[in-house]
Amino acid sequence: MACTSSLVVIGGWGVPAAMLEPVYRYWQGVVQVVSLTDDGLSSCDSPAHAAEILLQRYPQPSVWLGWSLGAQVAMAAAQANPHSVNKVVTLGGFPQFVASQNWPWGVSPAIFRRFERYFEREPKACRASFFAQMIDGSEHQAEQVRAINACLKQGLPEPIEPLAKGVRWLRHCCQLHTWQQCPVPTLHLRGSCDAVVPPWAQHLAMPAHSRALSIDGMGHWPGEYYGPECWQAIHDFLTSSHDACH
């Protein structure tokens, strides 16, 4: 069954949502592409604040897809208005990025502090390093490098302040309750070779209408090689119930 409802795609830290095109190019309906550096979002102080703004822009029932940090925006939107967000797909997402006493399955606080210091000293170099880490561990890293380089050659905006806000989101935002009690069907996709986000799904109790799936060989970013496989998983999820598309 073809999906013809709207799709809202939200990019992640330092990465425009257009870099997810290999995943959403197969969508047959309207696609709204949102980057966290877009006007109106760059000044937001939390994923929930960004979700509030996007719900005002896109109030019609839609499927929301969030990659990496964008997954927290999509999940916050579903929690705030499940009538507008009728299904969620997270790709390389996480309920809490930095590990804590209550959530030891995140990134080590010491490692994250090194990342913060690197960003404070050399924000552009830090962002470039993150691009390399997005594909680190991928079984098709050579192909992914070429795709990353092609994106970089096109020129990517590098506003520093929105990136700084994103770093603060990564450190402070905890959505454990939101992910445990998401009111809409949710698919959590993660690459089996993700070098950015530690595996977490087996440690979190989720609603019966949520599921987690690993894409074998994929790193943090799907890119051209894994885009079709991600899309197939999304398509299967959306068409697994009669009310998948509205």
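**A walk from helix α9 to the pocket beside α4**

Gln232 is partly exposed, with a relative accessible area of 41%. That residue makes a handy starting point for a tour of this model, which is a predicted one. Gln232 belongs to helix α9, and a long way back along the chain sits Val73: the two are 159 residues apart in sequence, and 23 Å separates their C-alpha atoms.

Let us stay with α9 for a moment. The helix runs over residues 223-238, and its 16 residues should span 22 Å at 1.5 Å a residue; the C-alpha atoms at its ends lie 21 Å apart, so the two values agree. Many of its side chains are hidden from solvent, and you may like to pick them out on the structure: Gly223, Tyr226, Gly227, Cys230, Trp231, Ala233, Ile234, Phe237 and Leu238 are buried. Set beside these, Gln232, at 41%, falls in the partly exposed class.

Phe237 leads us on to strand β5, as it is one of the residues touched by Thr186. Thr186 is placed in this strand, which covers residues 186-191. How accessible is Thr186? Its relative accessibility is 0%, so Thr186 counts as buried. Beyond its neighbours up to four places away in sequence, Thr186 touches Met75, Val88, His209, Ser210 and Arg211 as well as Phe237.

Further along β5 we come to Arg190. Is this arginine buried or exposed? Its relative accessible area is 16%, and because the cut-off for burial is under 20%, Arg190 counts as buried. Leaving out residues up to four places away in sequence, its contacts are Val197, Pro198, Pro199, Leu213, Ser214, Ile215 and Met218. Val85 offers another distance to trace: it is 105 residues from Arg190 along the chain, with 21 Å between the C-alpha atoms of the two.

Met75, already met as a contact of Thr186, also takes us to another threonine. Thr178 is located in helix α8, which covers residues 176-180. With a relative accessible area of 15%, Thr178 is buried too. Once neighbours within four places in sequence are set aside, Thr178 is in contact with Met75 and Gln79.

Now for a backbone detail. Ser68 is found in the loop between β3 (62-67) and α3 (69-80). What is notable about its phi angle? The value is near 55°, which is positive although Ser68 is not a glycine. Most residues other than glycine have a negative phi. Ser68 is also buried, with a relative accessible area of 5%.

Next, turn to helix α4, residues 109-121. Its 13 residues reach 18 Å from the first C-alpha to the last, close to the 18 Å expected at 1.5 Å a residue. Which of its residues are buried? They are Phe112, Glu116 and Phe119. These residues cover an arc of only 65° around the axis, which puts them on the same side of α4. The face turned away from that buried side carries Arg114 and Arg121, both exposed. As for what covers the buried residues of α4, the cover includes α5 (123-135) and α7 (160-172).

Both of those covering helices have a part in the spaces of the model. Take α5 and the largest pocket, which has a volume of about 330 Å³. Of the 18 residues that line this pocket, Phe97, Phe115, Phe130, Gln133 and Val196 lie nearest its centre. The elements giving two or more residues to the lining are α4 and α5. What is the chemical character of the lining by class? There are 14 nonpolar and four polar residues, and no charged ones.

With α7 we reach the closed spaces. How many cavities of 30 Å³ or more does the whole structure hold? A search finds three, and the largest has a volume of about 80 Å³. Thirteen residues would be a lot to list, but of the 13 in its lining, Leu36, Pro162, Leu163, Gly166 and Trp169 lie nearest the centre. Helix α7 gives the most to this lining, with five residues. By class, the lining of the largest cavity divides into seven nonpolar residues, five polar and one charged, whereas the lining of the largest pocket has no charged residues.

Technical notes
Residues are numbered from 1 along each chain as its sequence is written. This is a predicted model: local features need pLDDT of at least 70, side-chain atom pairs count only at pLDDT 80 or more; totals for chains, interfaces and linings use all residues. Side-chain values use heavy atoms; hydrogens and water are left out. Helices (H or I, at least four residues) and strands (E, at least two) are DSSP runs, numbered from the N terminus. The expected span of a helix is 1.5 Å times one less than its number of residues. Buried means under 20% relative accessible area, exposed over 50%, partly exposed in between (1.4 Å probe, protein chains only). The arc is that of the directions from the helix axis to the C-beta atoms. Contact means heavy atoms within 4.5 Å. On a 1 Å grid over the protein atoms alone, a cavity is a set of points where a 1.4 Å probe fits but cannot get out, and a pocket is an open set with protein on both sides within 12 Å along at least five of seven lines; lining residues have an atom within 4 Å of a point. Grid points are joined across faces, edges and corners, and a volume is the space filled by probe spheres set on the points. Ala, Val, Leu, Ile, Met, Phe, Trp, Tyr, Cys and Pro count as nonpolar, Asp, Glu, Lys and Arg as charged, and the others, Gly among them, as polar.
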